[in-house]
Amino acid sequence: MNKPLPEDPMISELVANARRHQITRRAALAGAGATAAAITLAACAPGGSTETGLTPAEDLSESEKVITWDNWAAYLDGEEDASYPTLKAFEAETGIKVYYDPEAIVGNNEYYGQAEKQLLAGQDIGADTMCLTDWQNAFLIESGLVQKLNLANIPNHSNMNASVASPTFDSGREYSMPWMSFMTGIAYNKTLYKELTGKDAPTSVADLWQPALKGRVVMLSEYREAVGLILISQGIDIANVTEDQYMDAVDLVAKQVADGQINTKGQGYIESFDQKNAVAGLVWSGDLEWGDEYGFVMDPNGATLNTDSFTVPMGAQHKTNVEKLINYYYDPEVSAQVILGGVVYAPPVAGTKEIVAAADPDLANNPLIFPDASKLQTFRTLSYAEHSAFNEAFNSATGV
């Protein structure tokens with residue numbers, strides 16, 4: 001359905017509408033460690049699974065027309081001047097006041113850590129909904145800390161793209177509803193890469209191991225994404241990856257770190273690129289300004305896909321209002337306005353691309369926003385024991 005990636009890796013024409021993020025959603029997570037909270041949460045009970053016995057808070061949506069929505073930066077139209085056109089239209093249409101906070105989530109583990117006591121007690125955390133990453137949502141759902149959604153209040157959920165519609169941790173999306181998706185691929189400084197390698201652009205993950213790039217390669221610190229992309233480049237399906245396959249890929253990372261190929265002195269890779277210390281690396285798709293200076297390509301075998309999704313904490317008292325908000329954003333016309341408003345991530349709503357194409361054909365051809373779904377893979381859901389082992393091995397290999 002979507003166009004395949006262009007053969008020419010110089011995709012500046014396709015990303016002319018991308019805007020620079022001062023503090024991007026991905027960079028914050030890259031420097032966060034990204035897994036400690038998941039460990040804490042999963043450890044609530046043996047085996048990483050627990051029944052908390054919590055019951056949903058009383059829903060006051062009928063009498064209290066409010067929503068507090070916690071999200072990441074650079075994730076909603078009109079954020080630069082806080083105008084939020086689509087959100088204001090929702091308020092006018094429904095009479096529901098939305099308190100939107102684009103700075104509430106700077107990392108999954110930080111966010112959970114701040115709200116941990118209230119979440120575990122089923123108390124109000126100050127947010128009616130938040131858009132954490134699905135690996136974190138898997139732990140929240142398994143641990144009984146979020147409310148089941150009433151899909152009858154979200155009829156537009158039928159517009160959800162099939163690629164995100166039924167993850168193993170939430171079949172049918174009864175507890176979580178995707179907001180935006182993002183990819184991990186290969187970033188490079190166009191000028192420096194050519195100067196050092198004599199080539200215009202990398203074409204695969206293997207190109208990062210060229211001797212000419214020694215010490216100038218960076219890698220994000222989320223193991224599902226970094227190791228996941230290496231596995232994809234090796235032809236391994238990360239939806240069914242085995243522990244042996246994962247550990248072999250970690251051994252490759254450890255070798256590249258030990259040899260000085262990968263620079264792990266700091267995980268703030270955007271700063272490394274800006275300071276010209278980094279020339280290429282494995283990064284999230286929304287983190288650099290793709291165009292004249294930086295390029296972004298996928299490995300021929302594809303890229304990782306991850307998703308940030310709405311959930312409603314057990315202590316939230318405005319679930320029906322949240323469901324109305326989700327339903328609103330699952331209207332393709334509204335979803336398209338978010339993208340046309342400057343959000344450079346992949347929306348989960350079918351029909352968005354066609355509407356965007358009518359207004360801005362170049363934007364509709366941007367593979368960072370409308371990627372070829374056949375090229376994307378999602379890391380399988382892990383048990384607590386697997387998560388601990390995978391995380392420990394990655395941290396040991398990278399020195400994090």
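A residue counts as buried under 20% relative accessible area, as exposed over 50%, and as partly exposed in between. The views below show a predicted model.

**Figure 1. Lys276 in its loop.** Lys276 sits in the loop that runs between helix H9 (269–274) and strand S6 (280–284). With a relative accessibility of 37%, Lys276 is classed as partly exposed, because that value falls between the two cut-offs. The phi angle of Lys276 is positive, about 70°, although the residue is not a glycine. Lys276 is also one of the residues in contact with Asn189, the subject of Figure 3.

**Figure 2. Ala74, another loop residue with a positive phi.** Ala74 is not a glycine, yet its phi is positive, at about 60°. Its loop lies between strand S1 (66–70) and helix H3 (85–94). The relative accessibility of Ala74 is 4%, so the residue counts as buried.

**Figure 3. The surroundings of Asn189.** Asn189 belongs to strand S4, which covers residues 177–189. Its relative accessibility is 3%, and Asn189 is therefore buried. A polar atom of the Asn189 side chain lies 3.1 Å from the backbone nitrogen of Thr191. The Asn189 side chain also reaches the backbone nitrogen of Leu192, at 2.9 Å. Apart from neighbours within four places in sequence, Asn189 has contacts with Phe273, Lys276, Val279, Glu293 and Tyr294.

**Figure 4. The largest pocket and its lining.** This pocket holds about 610 Å³ of space. Its lining is made up of 29 residues, and those nearest the centre are Pro167, Phe169, Thr378, Phe379 and Thr381. At least two lining residues come from each of helix H5 (134–142), helix H7 (223–233), strand S8 (303–311) and strand S9 (376–377). H5 gives the largest share, with five residues. Sorted by class, the lining consists of 14 nonpolar, nine polar and six charged residues.

**Figure 5. The whole chain, for orientation.** The protein chain contains 14 helices and nine strands. It has 400 residues, and 57% of them count as buried. Among contacts with a separation of 6 or more, 78% join residues that are 24 or more positions apart. The chain exposes about 15,500 Å², of which carbon and sulfur atoms supply 49%.

How values were computed: Residues numbered from 1 in each chain as written. Predicted model: local features only at pLDDT ≥ 70, side-chain atom pairs only at ≥ 80, totals over all residues. Heavy atoms only, no water. Helix = DSSP H or I, 4+ residues; strand = E, 2+ residues; numbered from the N terminus. Buried < 20%, exposed > 50% of the residue type's maximum accessible area, 1.4 Å probe, protein only. Contact = heavy atoms within 4.5 Å. Areas by Shrake-Rupley, 256 points an atom, 1.4 Å probe, with all protein chains shown as cover. 1 Å grid on protein atoms, 1.4 Å probe; cavity = no way out; pocket = protein on both sides within 12 Å on 5 of 7 lines; lining within 4 Å. Points joined across faces, edges and corners; volume = space filled by probe spheres on them. Nonpolar A, V, L, I, M, F, W, Y, C, P; charged D, E, K, R; others polar. Polar contact = N/O pair within 3.5 Å; in protein donor to acceptor, adjacent residues only side chain to side chain.
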